[in-house]
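Me: I've got a model open and want to talk through how its parts pack. Can you take my questions as they come?

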Amino acid sequence: NWDNIDAQITMQKESLANFFVHYLKFFGGKDRYSASELDVYNALAYTIRDHIIEKWLATKVLYNKSHSKRIYYLSMEYLLGRLFSNNIINLGADKEFREGLKKLGVDWEDYTPWERESALGNGGLGRLAACFLDSMATLNLPAIGYGLRYEYGIFRQDICQGYQVEEPDEWLKFDNIWEMKRIEHTVPVHFGGEVETYHIDGVEKFNWCPSYTVLGIPYDMPVVGYGNNIVNTLRLWSAKVSEEFDLQDFNQGNYIDAVSEKVEGETLTKVLYPDDRTESGRELRFRQQYFFVCCSIQDIMRKFLKESSDFRDFPKKAVIQLNDTHPSISIAELMRILVDEKHLPWDVAWDITRKSFGYTNHTILPEALEKWPVEFFQRHLPRHLQIIYKLNQHFLQEVSVQNPGDNDILRRMSLVEEYPQKKIRMAHLAIIGSTSVNGVSEIHSEILKEQVMPDFYNSFPHKFNNKTNGITPRRWLLQANPSLAKLITEKIGKEWITDLSQLKKLEKYADDKDFRKRFDKIKLENKKKLAKLIEIETGVVVEDDAIFDVQIKRIHEYKRQLMNILHVIHLYCELRDHKNFKDAPQRVFLFAGKAAPGYYMAKMIIKLILNVAKVINNDELIKDKIKVVFIPNYKVSLAETIIPATDISEQISTAGKEASGTGNMKFALNGALTIGTLDGANIEIMNEVGKENIFTFGLDIDEIKAKREGNYEPYQLYSENPNIKKVIDLIQSNFFSLHEPGIFEPICNSLLTQDQYFVFADFNAYMECHEKILQEYKNQKQWTKKAILNVARMGKFSSDRTINEYAADIWKVSPVKPKKGK
Ligand code: 26V
């Protein structure tokens, strides 16, 4: 009978080796003589997948029986990284797996590099979505993540003569063991055409007659909760052109048109857009967004209709969280379905819609706030445009009643921007269509209310709230830093893995000599691994016990990698001038990060870092006291090696610009000390770890504001500050660009004439802060104490805490626990 067979499939330690050999042989067609390392990886991953599927099926049953409200997390990006180790650890199967395979002489950890990593995101926003999936599963929350299955993830970064070169990321080249195609849940997505009007009982109705249709095919990936037998789902949509549609055209003899339309349709999910914040107005991305939204909302509706046929229940059964405005067309799409297809009255539909959405804002950079040209809507989504216009009309009517005679406020709050080009402001749509609008750190949420959306905050103060970001301790401590995790568990037990506030119990070990010794030893071992990696990736040899000073993140002017490298040049000048550095430790300044392909300045910053590295690393006069390293192709797996080895974490954005940052949390959790500005989550990290355990510097947001409003003159700072002058003059003398004279002029010019991000204004403070750090590093005992206190006080920054807050305050969803005794 079925149950008996099920029981046999359930994994036993004893049978793991059998399953492994079975997969190697019958899936891979190999035996131990012919198997490649990739074959072994595949067989190992399939073996683990069985284990996951058991729990996946059980989770679905559990959720269905619970009839709980579901959380739908809509994100255009997920930066998952590798899943093999993560899945094994979260299943709690690492020991079993290791022992079960011992008799074959196979150690699963040796095969992890064979997994192609999934990088369907740009940076912070995508990695946050991945951490949230982990937390939602670990907290027994009935959540589904929706996203796009890009055939090519974020580009691979190669370095060619010091310049970034983008190469395609062919992550699907080999089998993707972690996905399952669910052809039965394919959905149609319509585009273009026009809108017909008709009447029923005197009521005006609308019928969208689209001009073409694309199919959305879902691929499901399991999201394994930590130690709780829960496996949630991440559903990624892939575009395919509908066959019947093709056939018609083929039959009419339009072979070439039919084929090109097919190619066109299937390009929808070909490639992830690299965060080109300035380059808006890309029509393909607009269509990509609607494709994503349309597939996901249909799927959500299908699930809802299994539970109820009364749409008034929808907000009780579903909550849809928008990860930035990228999926905000959902609001118009849900309205369209409720009004046009389900024939609900407009006001009822709007009430349902508004109650069902939450919107998270992740940036206040004006160039990143999405606005779509009205003509895109006219061409591709004519009915949605009508809906947005009608929403706007009703909304402005309300605003006008509240603010009689104030036409300016109507212009500011309108969903439609009139000049210079007619555009839809997606953030405005997201705000009026949601019950909750949140920022991602305390300061960012305040800026949203007071500076970015003050009119909306005045109208809907109750909607605005903060949810400070977090990171999953499973990947960012347990998996990335297994030795530190083991030491922590030995001292305080393993509860910290799912309750990070437990780390507090480590505080007392900051004064324990033996503990400090072991803590230092772990850091040193991690540094050795990193030093090896640096040599392999860049050819630069660094000392194992150097001070590792690290800035890894997307390259952007506001993040100020430029300030960092200018400071490195300053240190280099000092060394050359004074030469009295006999017993100073080696300092390694490590950078990694991608520049958006169309972002000229960011690419030149990479070039500057690499050119400076070349000069400094080869200058014998400074006796290897400074090394500068740029590791190409930054990605999740690289972060996992770098972070545990870091001493100093660089979080130096211009105050007010970094919404939160999450790398800052990963470093502190692994015992690096932060040098940071009073920006984003740095401020909250400071409040947790204590002012004496973090190095903050620079202008705060009010001071930056004052500078911006006053007349800031970077050229004056340059002429008055000999340190700045020396560095800029050296760059302008082509010392770092002998063979390409003048290439750094645009960088110098931009600093000297504008310095939009106040690099010069903060330079002295940054320099002095580094001097202080160097002094403090000399007192190793004191330093280690601070590092331990950082680890101990990072409890707040678990994404479990963040997700608990979303669940309680916004989603109103409780964990679904299996009944006891089952
Ligand atoms: C914009 C665009 C524009 C068009 C092409 C593709 C694309 C992709 C992403 C974006 C906006 C990205 C916003 C973002 O990543 N914000 C970051 O979110 C993190 C998580 O909340 C936060 O820690 C970072 O501070 C914030 O910069």
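Me: What angle do H6 and helix H33 pack at?
Reply: About 70°, with the axes of H6 and H33 (residues 799-811) 9 Å apart. Axes are lines fitted to C-alpha atoms, for helices over the stretch in contact, and angles run from 0 to 180 degrees between N-to-C directions. That makes H6 roughly perpendicular to H33 (under 35 degrees is roughly parallel, over 145 roughly antiparallel, 65 to 115 roughly perpendicular, the rest oblique). Helices (H or I, at least four residues) and strands (E, at least two) are DSSP runs, numbered from the N terminus.

Me: Which residues make that contact of H6 with H33?
Reply: From H6, Cys-131, Phe-132, Asp-134, Ser-135, Met-136 and Thr-138; from H33, Ser-799, Asp-800 and Ile-803. Contact means C-beta atoms, placed from the backbone, within 7 Å. By class they are 4 nonpolar, 3 polar and 2 charged. Ala, Val, Leu, Ile, Met, Phe, Trp, Tyr, Cys and Pro count as nonpolar, Asp, Glu, Lys and Arg as charged, the others, Gly among them, as polar.

Me: Where do the numbering and cut-offs come from?
Reply: Residues are numbered from 1 along each chain as its sequence is written. The model is predicted: local features need pLDDT of at least 70, side-chain atom pairs count only at pLDDT 80 or more, and totals for chains, interfaces and linings use all residues.

Me: OK, domains. What are the bounds?
Reply: Domain 1 is 67-82 + 117-156 + 165-344 + 363-427, and domain 2 is 473-725 + 760-797. These bounds come from an automatic or database domain assignment. The contact takes 23 residues from domain 1 and 18 from domain 2.

Me: Which element gives the largest share on the domain 1 side?
Reply: H6 again, with 5 residues. The domain 1 side divides into 8 nonpolar, 6 polar and 9 charged.

Me: And the ligand, where does it lie?
Reply: Between domain 1 and domain 2, because both give residues to the shell around it. The shell has 21 residues; the closest are Gly-124, Leu-125, His-362, Ala-659 and Ser-660. A residue is near if its C-beta atom, placed from the backbone, lies within 6 Å.

Me: Switching to the sheet. What's the strand order?
Reply: E22-E21-E20-E23-E24-E25, an open sheet of 6 strands with parallel pairing. Strands pair if DSSP finds at least two bridges between them. E22 (626-630) and E25 (695-696) are at the edges with a single partner each, so one side of each has no neighbour in the sheet.

Me: What packs on the sheet?
Reply: Helix H22 (residues 561-578), touching E20, E21, E22 and E23. Its direction makes about 155° with that of E22.

Terms used
Contact = placed C-beta atoms within 7 Å.
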